[in-house]
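Let's take a friendly walk through a protein chain together. Have a look at the sequence and the 3D view before reading on.

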Amino acid sequence: VYPNPGTGLFQLDGLTEITTAEIFQMTGELVQRVVLDPAQSQIDLTEFASGVYLLKVKSASFKLVIVK
C-alpha cells in the first residue's frame, strides 16, 4: 500500500484476484467498502478527513494515514 502516509489516493500492489477492501475509522466504524481487481487497485479516500484509517483486504490489514 503506497503512498502511506498520503493525501487520499492509495495504490495496492500484489493483488492476484478480485477482492473486497474495507476501510474503517479508528473507532471501528466501517466507512467504505470497495471492490478491487488486479488491473484497478486504487482506493480514493480524498473526500475523507485527515487521520488514521484501517484498511482490511481479505485476510490482511493495513493502517492508512491521510495528511492534508
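What percentage of the 68 residues of the chain count as buried? The figure is 31%, where buried means under 20% relative accessible area. Keep in mind that this is a predicted model.

## Strands and overall form

Try tracing the chain from its N terminus: the elements run β-β-β-β-β-β. That comes to 6 strands and 0 helices. The radius of gyration is 11 Å, close to the 11 Å that the globule rule gives for 68 residues, so the chain is as compact as a globular protein of that length.

You can also picture the C-alpha trace along its principal axes, where the span is about 30 × 20 × 15 Å. Now think about which parts of the sequence meet. Taking contacts between residues at least 6 apart in sequence, 44% join residues at least 24 apart.

## Surface and charge

Turning to the outside, the chain exposes about 4,200 Å². Carbon and sulfur atoms supply 54% of that area.

How many positive and negative side chains does the chain have? There are 5 positive and 7 negative ones, and the centres of the two sets lie 7 Å apart.

## Two cis peptide bonds

Finally, look at the segment before strand E1 (9-11), where Pro3 is found. The peptide bond from Tyr2 to Pro3 is cis, with omega near -15°.

Pro5 also lies in the segment before E1. A cis peptide bond joins Asn4 to Pro5, and here omega is about 10°.

Terms used:
Residues numbered from 1 in each chain as written. Predicted model: local features only at pLDDT ≥ 70, side-chain atom pairs only at ≥ 80, totals over all residues. Heavy atoms only, no water. Helix = DSSP H or I, 4+ residues; strand = E, 2+ residues; numbered from the N terminus. Rg over C-alpha atoms; globule rule 2.2 N^0.38 Å. Buried < 20%, exposed > 50% of the residue type's maximum accessible area, 1.4 Å probe, protein only. Contact = heavy atoms within 4.5 Å. Areas by Shrake-Rupley, 256 points an atom, 1.4 Å probe, with all protein chains shown as cover. Lys, Arg positive; Asp, Glu negative; His and termini not counted. Charge placed at Lys NZ, Arg CZ, Asp CG, Glu CD.
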